[in-house]
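Please look through the structure below, beginning with the place where the chains meet and going on to the inside of one of them.

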Amino acid sequence: MYSYTDFDEAFVRERVSQFRHQVERRISGALTEDEFKPLRLMNGLYLQLHAYMLRVAVPYGTLNPAQMRQLAYIAERWDKGYGHFTTRQNIQFNWPKLKDVPDILDALADVQMHAIQTSGNTIRNVTADHFAGAAADEIEDPRPVAELLRQWSTDHPEFQFLPRKFKIAVTGSPNDRAVTKAHDVGLRMVRDASGEPGYEVIVGGGLGRTPMVGKVIRDFLPKADLLPYIEAVVSVWNLLGRRDNKYKSRIKITVHENGLEKIRDLVEERFNALRPEFGGVDQTLLKEIEAQFTPPAFVSKPTDAYEAARASNAAFRSWTDTNLAAHKADGYAIVSISIKKHGATPGDATADQMRVMADLAESYGHSELRISHEQNVILPHVHKSDLPAVYAALRDADLATANIGLVSDIIACPGMDYCALATARSIPIAQEIATRFDELKLEHDIGPLKIKISGCINACGHHHVGHIGILGLDRAGVENYQITLGGDGTEDAAIGTRTGPGFPAEEIIPAIERLVLGYLDLRSSPEETFLETYRRLGMEPFKAILYPPEDKANAA
Amino acid sequence: MSRRFTPKVVTANALIEGDVVWLTEDDRWTRTMSEAELIDDEAHAEIRLLDAQRQADVVVGAYLADARAGEDGPEPTHFREAFRTRGPSNYAHGKQVEA
Ligand code: SF4
C-alpha cells in the first residue's frame with residue numbers, strides 16, 4: 001500500500017504542530033470558539049452531544065496492521081477503549097479531550113494517518129470498493145487512482161472554499177460496492193468496445209435532505225484523462241454552486257438546476273482547457289503510486305483443510321457461507337469480519353478486537369485490512385487453507401458473527417447517542433432489530449437484506465439506499481421512525497420510497513418484524529430476495545402489512 | 001400577548017472535556033442539571049446566556065434549553081436534553097456512570 005513521501009510526512013507533521021499551537025491558544029483564551037471552530041474542523045475535531053469527536057481518515061478504507069494497532073492504542077490511551085467505523089470508511093473516536101488531540105494527531109502521523117479534510121467544505125476522504133485489489137469481478141484496483149485523487153485534493157488551493165463538502169467514490173468493478181451513485185462524483189471502472197479500461201463518470205448523486213441518484217456525465221473516460229476531468233467537474237461546480245443556501249449547495253442541486261447537458265458542456269470546455277496544463281505529470285505520479293499497490297505474492301497450496309473444516313464444523317460452514325466473497329486469486333477468499341454482533345453497536349470495535357484483526361492480517365492476510373462503508377472490517381487476501389485458523393481466532397475475539405449481508409448486518413449512524421445534529425437515536429434501533437431477528441433464528445432463511453438507519457435527514461446511515469431504510473425524526477418531542485422501502489446502493493441504485501406515517505420507538509421493531517415476516521409469505525421462492533419481491537409486487541402489499549386496518553382504527 | 005415563557009436553563013459543553021455543563025445561580029458551571037439555575041423570565045434568560053457566552057475559556061456553545069421544575073431542581077423536557085444529562089444509551093459511558 002501507499003507509503004508517505006518525505007513531503008507527505010513533513011506536511012502532516014506541520015499541520016499537527018500548527019494545531020497544537022491553536023489548541024494551546026484556545027485553552028488559554030487567546031482564541032474564541034468562533035475563531036477556533038473552523039481550525040478544529042479542518043483537523044477532524046467535532047463537538048458532539050457529550051464530548052468531542054475526532055474523525056480520522058482511512059484513505060479508501062485501506063489500513064495496514066501497524067495502523068490498526070495504533071488505532072487500538074489511541075482508543076485505549078486517550079479514549080474509552082473502542083473506535084467507531086463509519087459509512088465513509090473512517091474511524092471516529094467519541095471521547096477525546098481537547099488537550100489530548102494534538103498528541104493523538106501525532107500518534108496518527110507516526111503511522112502515516114491524519115484527520116485532515118474529514119470535515120469542512122473541501123474534497124473529503126475518497127472512498128473505494130472495500131474489496132479493491134481482491135475482488136474476482138474487478139477490472140483494476142481502484143486505489144492508485146483514489147490515492148492520486150487524495151494527493152491532488154489535499155490542500156488543493158482552488159478547492160479549500162467549495163460551496164459545500166464534496167465526496168468522491170471509486171470502484172474498479174462493474175458491480176458497485178462503493179455506492180458511487182450516491183456521491184458527488186462516482187467513478188466506476190468499465191471497458192470500452194476495444195476492451196480498454198476507463199471510467200464511467202457519475203455526477204450529482206447524494207443522499208441527505210434531497211436524495212438523488214447520480215447521473216452519468218461521461219460514459220467512458222480514458223484513464224489518463226481522469227484528473228483533469230475531475231478537476232473540471234469540481235471547478236465548474238465551484239463557480240456555479242450556490243453559496244447562498246446550504247441546502248442547495250451540493251453539486252446534485254447544481255446539476256438539477258442547470259440540467260445535465262449544460263453541466264456536461266461546461267465541464268468538457270473546462271476539461272479541454274485544463275488537460276494540456278497537466279502535461280502528463282499526473283500520469284507519472286500515478287505510475288509511481290501504482291508501483292506501491294502491486295498485488296501481494298499469492299501462494300498456491302491445497303485447500304483440503306478448508307473443505308474438511310466446512311464438512312465437519314457447521315458453525316464454520318455457516319460463517320464461510322455468509323462472510324466470504326470471491327477472490328481473484330485461486331485458493332483465496334475475501335473475509336468480511338462482522339463488527340455487528342447481534343445487539344452490539346454497528347461499526348464499533350474494541351482495542352483488543354482491533355489488535356486481533358491486525359494480527360490476523362499479518363499472519364494470514366498479506367498485512368492488509370479494509371474498512372467497508374457497511375461498517376465491517378475486511379481481510380482482503382486470505383488463503384482458504386488458513387480460514388479455519390482465522391475463524392477460530394475471530395471466534396475467541398467475539399468477531400465471528402456470520403451475518404454479512406443479512407438482516408442484522410445493519411448500517412446505523414451514531415444518531416442521538418452521540419451526534420449533535422441528530423433528531424432521534426439510531427443505535428438502539430439497530431441493536432434491537434438485530435437482537436430480535438437473532439431470537440427468531442430466521443435471518444439465514446430471510447437471506448440478503450440491507451437495513452440502514454439514519455438519525456436525521458443528513459442520511460449518514462444511507463437509509464435512502466437501504467432495502468429497508470429507517471429515518472429517525474423528532475415528532476413533537478418524541479422519537480419517531482419513518483420507513484422507506486426499495487432503496488438500492490449498487491449499480492442499479494434507487495432511492496427508497498416512504499411507506500407512510502412513521503412509528504414511535506416502541507413500535508418500530510414490531511413493524512420491521514411484521515414487514516420481514518410478511519415478505520417471507522410474499523416471496524415467490526426462497527431464492528427471491530426482499531428487494532426482488534418488492535420490485536415485483538411494489539409497495540401495496542408491504543403497506544398492507546405495515547399498517548393493518550385494525551391499527552388504523554385504533555390510531556383514529 | 002406573547003406566549004407564556006417556557007422556563008430555561010443555560011447549558012454548554014466544557015471546553016476541555018466536552019462534557020455537558022449547566023450554569024448555576026451563583027455563576028458556577030455544574031455537571032449536574034438539578035443544580036442549574038431555572039430561569040423563568042425571558043429577559044433574565046438572555047442576560048444569563050450572555051454571561052455564559054462571555055466565558056469562552058471555560059465552555060463551548062452555550063444555549064438556552066427548555067426545562068421544568070422537578071423535585072430536586074430543573075429537569076429536561078425534551079429527550080435530547082434528557083440524553084445530555086445521562087450519556088449514550090449503547091454504553092455505560094458519560095454522566096450516567098461518572099456522576
Ligand atoms: S445522519 Fe444525522 S444523526 Fe446520523 S450521524 Fe449523520 S448527522 Fe448525525
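The paragraphs that follow take up the interface, then a group of strands, and then some salt bridges.

The model shown here is predicted, and a natural place to begin is the contact between its chains, to which chain B contributes 25 residues and chain A contributes 33 residues. The size of an interface is often given as the accessible area lost when the parts come together. Here the area buried between chain B and chain A is about 2,300 Å², with 60% of it given by carbon and sulfur atoms. Of the area that chain B buries against chain A, 24% is supplied by B:Ile16, B:Phe79 and B:Phe83, which is more than any other three residues supply.

The polar side of this interface can be described as well, since 12 residue pairs are counted in polar contact between chain B and chain A. On the side of chain B that touches chain A, strand S1 (8-14), strand S4 (59-69) and helix H2 (79-86) of chain B each supply at least two residues, and the largest share, four residues, comes from H2(B). Sorted by character, the residues on that side are 11 nonpolar, eight polar and six charged. One salt bridge is found across the interface; B:Glu98 forms a salt bridge with A:Lys80, and their closest N and O atoms are 3.3 Å apart.

Within chain A, strand S18 (residues 468-475) is mostly covered, with six of its eight residues buried. S18(A) pairs in the parallel sense with strand S17 (residues 451-454) of chain A over four bridges, and in this arrangement A:Lys452 stands opposite A:Gly469. With strand S19 (residues 478-485) of chain A, S18(A) instead runs antiparallel, joined by eight bridges, one of which has A:Asp474 and A:Glu479 as partners. S18(A) and S19(A) form a hairpin with two residues between them, and A:Ala476 in the turn has a positive phi of about 55°.

Salt bridges also link parts of chain A that are far from one another in sequence. The side chains of A:Arg143 and A:Glu368 meet in such a bridge, at 3.2 Å from N to O; because A:Arg143 lies in helix H5 (residues 143-153) of chain A and A:Glu368 in the loop between helix H12 (351-364) and strand S14 (369-371) of chain A, the pair ties together parts that are 225 residues apart in sequence. Both A:Arg143 and A:Glu368 are buried. In another salt bridge, between A:Arg535 and A:Asp488, the closest N and O atoms are 3.0 Å apart; here A:Arg535 counts as partly exposed at 44% relative accessibility, whereas A:Asp488 counts as buried at 4%.

Definitions and conventions
Residues are numbered from 1 along each chain as its sequence is written. Chains are lettered from A and ligands numbered from 1 in the order in which they are written. This is a predicted model: local features need pLDDT of at least 70, side-chain atom pairs count only at pLDDT 80 or more; totals for chains, interfaces and linings use all residues. Side-chain values use heavy atoms; hydrogens and water are left out. Contact means heavy atoms within 4.5 Å. Buried area is the accessible area (1.4 Å probe) that two parts lose on being put together, summed over both. A salt bridge is a side-chain nitrogen of Lys or Arg within 4 Å of a carboxyl oxygen of Asp or Glu. A polar contact is a pair of N or O atoms within 3.5 Å; within protein, one must be able to donate a hydrogen and the other to accept it, and residues adjacent in sequence count only if both atoms are side-chain atoms. Ala, Val, Leu, Ile, Met, Phe, Trp, Tyr, Cys and Pro count as nonpolar, Asp, Glu, Lys and Arg as charged, and the others, Gly among them, as polar. Buried means under 20% relative accessible area, exposed over 50%, partly exposed in between (1.4 Å probe, protein chains only). Two strands pair if DSSP finds at least two bridges between them.
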